[in-house]
Amino acid sequence: MEMTRRTDVGRVRDHNEDSTGILQTNSGTVIAIVADGMGGHLAGDVASRLAVDTIEQTLRLEHVDGTTKDRGDLLIYAVRKANEKVYHLGQEKTQCQGMGTTAVVVIADEDEVVIAHVGDSRAYMLHNDGLYQLTEDHSFVNVLLRHGQITPEEARNHPQRNMIVRAVGTSEEVEIDVIDTPWKQGDLLLLCSDGLTTEVEERDIGLILSSTTMTLDEKADELIKRALEAGGKDNISLILLKHTGRSA
């Protein structure tokens, strides 16, 4: 498996509230995390970093090469641990009150990808040159969209498009979605914060990822560049994983 990650503060924010993490086990299984924090100056940084560190530490101590269900259960356990730590720190420290973070977490091996997510950070799969969104945003705008109250175009420009309805650390309990999918040699997995997806059209993301002339690092750089050129109004973070085949 080939992998790369990027994060950029963007052109408007003065600090970066996104955090990322990548681990690889001895068996080659990869754990990848993108978290986008919120909660006022510096508190968002604290929430996202604490969530990523807690998930990494939790999964590092576990056997992640079990069944699909085992992996899903492990991801839920790890994200719940992160929720507990972020929530309690928010209760203890005045400057951290109300902080929280999105989280999209992946366990990937040569056969499948298992994903847990909370919030509006996303996972995409590029398969046979088609880009597929694997996660569903836990956002106010997506609720309106699903109920037919707004159009996709209205959703893209909605003034409350950044309002999420689920986050890690904002309450004692957290609801976590788990998705699993097979993948094959040549497939690409993208994890990203909404700083990418609000600035760059999915069609353009797909064209960049399906390029046959760019390396994986060049694709990551190009995605960041496009988001910055479009305004870079938020922090931008992404992880790319490429399935290189069994012999890799």
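**Figure 1. His138 in its loop.** Let us start with a single histidine in this predicted model. His138 sits in the loop that links β8 (130-133) and α3 (140-146). Is His138 buried or exposed? With a relative accessibility of 5%, His138 counts as buried, because buried means under 20% relative accessible area. Leaving aside residues up to four places away in sequence, His138 touches His117, Val118, Gly119, Ile164, Val165, Arg166 and Asp177. One of these neighbours, Gly119, also appears in a polar pairing: its backbone nitrogen is 3.0 Å from a polar atom of the His138 side chain.

**Figure 2. His15, a second buried histidine.** Here the view moves to the loop between β1 (2-8) and β2, where His15 is found. His15 has a relative accessible area of 17%, so this residue is buried. What joins the side chains of His15 and Asp14? The two share a polar contact of 2.6 Å.

**Figure 3. Leu23 and its surroundings.** Leu23 belongs to strand β2. Its relative accessibility is 15%, so Leu23 counts as buried. Which residues does Leu23 touch, not counting those up to four places away in sequence? They are Thr29, Val30, Ile31, Glu56 and Arg60. You can also look for Ile107 in this view: 84 residues separate Leu23 and Ile107 along the chain, while their C-alpha atoms are 9.5 Å apart.

**Figure 4. Helix α1 and its buried residues.** This close-up follows α1 (43-60). How far apart are the end C-alpha atoms of α1? They lie 26 Å apart, which agrees with the 26 Å that its 18 residues should span at 1.5 Å a residue. Many names to look for here are buried, including Ala43, Gly44, Ala47, Ser48, Ala51 and Val52. Further along α1, Thr54, Ile55, Glu56, Thr58 and Leu59 are buried too. The partners against which the buried residues of α1 pack are β2 (18-24), β3, α2, β4 (100-101) and β5.

**Figure 5. The largest nonpolar core.** Thirty residues would be a lot to label, so here are a few to look for. The largest nonpolar core has 30 residues, and those with the most contacts inside it are Ile55, Leu59, Val79 and Val105. Two or more residues each come from β3 (30-38), α1 (43-60), α2 (68-92), β5 (103-108) and β6 (112-118). Which element gives the most to this core? That is α2, with eight residues. Val105 makes a good landmark for finding your way: it touches Ala32, Ile33, Ile55, Leu59, Leu75, Val79, Val114, Ile115 and Ala116, not counting residues up to four places away in sequence. Apart from this core lies another, of 19 residues, among them Leu190, Cys192, Leu209 and Leu240.

**Figure 6. The five-stranded sheet.** Five strands form an open sheet here, in the order β1-β11-β10-β7-β8, with antiparallel pairing. Which strands are at the edges? They are β1 and β8, each of which pairs on one side only. From one strand to the next, the twist averages 15°. Strands β1 and β11 run antiparallel and are joined by seven bridges. Within that pairing, Arg6 stands opposite Leu238 in β11. Two helices can be picked out as well. Helix α6 (residues 202-209) lies across β7, β8, β10 and β11, at about 125° to β8. Helix α7 (residues 216-229) packs on the sheet and touches β1, β10 and β11, with a direction about 20° from that of β1.

**Figure 7. Strand β10 inside the sheet.** The last view stays with β10 (residues 188-192). Why is β10 described as largely enclosed by the rest of the structure? Five of its five residues are buried, so that description follows. Leu188, Leu190 and Cys192 point one way from β10, whereas Leu189 and Leu191 point the other way. On one pairing, strand β7 (residues 122-127) meets β10 in the antiparallel sense over five bridges, and Leu189 is the bridge partner of Met125. In another, β10 and strand β11 (residues 236-242) pair in the antiparallel sense, also over five bridges. There, Leu191 has Ile239 as its bridge partner.

Definitions and conventions
Residues are numbered from 1 along each chain as its sequence is written. This is a predicted model: local features need pLDDT of at least 70, side-chain atom pairs count only at pLDDT 80 or more; totals for chains, interfaces and linings use all residues. Side-chain values use heavy atoms; hydrogens and water are left out. A nonpolar core is a set of buried Ala, Val, Leu, Ile, Met, Phe, Trp, Tyr and Cys residues joined through side-chain atoms within 4.5 Å. Buried means under 20% relative accessible area, exposed over 50%, partly exposed in between (1.4 Å probe, protein chains only). Helices (H or I, at least four residues) and strands (E, at least two) are DSSP runs, numbered from the N terminus. Contact means heavy atoms within 4.5 Å. Two strands pair if DSSP finds at least two bridges between them. The expected span of a helix is 1.5 Å times one less than its number of residues. A polar contact is a pair of N or O atoms within 3.5 Å; within protein, one must be able to donate a hydrogen and the other to accept it, and residues adjacent in sequence count only if both atoms are side-chain atoms. Axes are lines fitted to C-alpha atoms, for helices over the stretch in contact, and angles run from 0 to 180 degrees between N-to-C directions.
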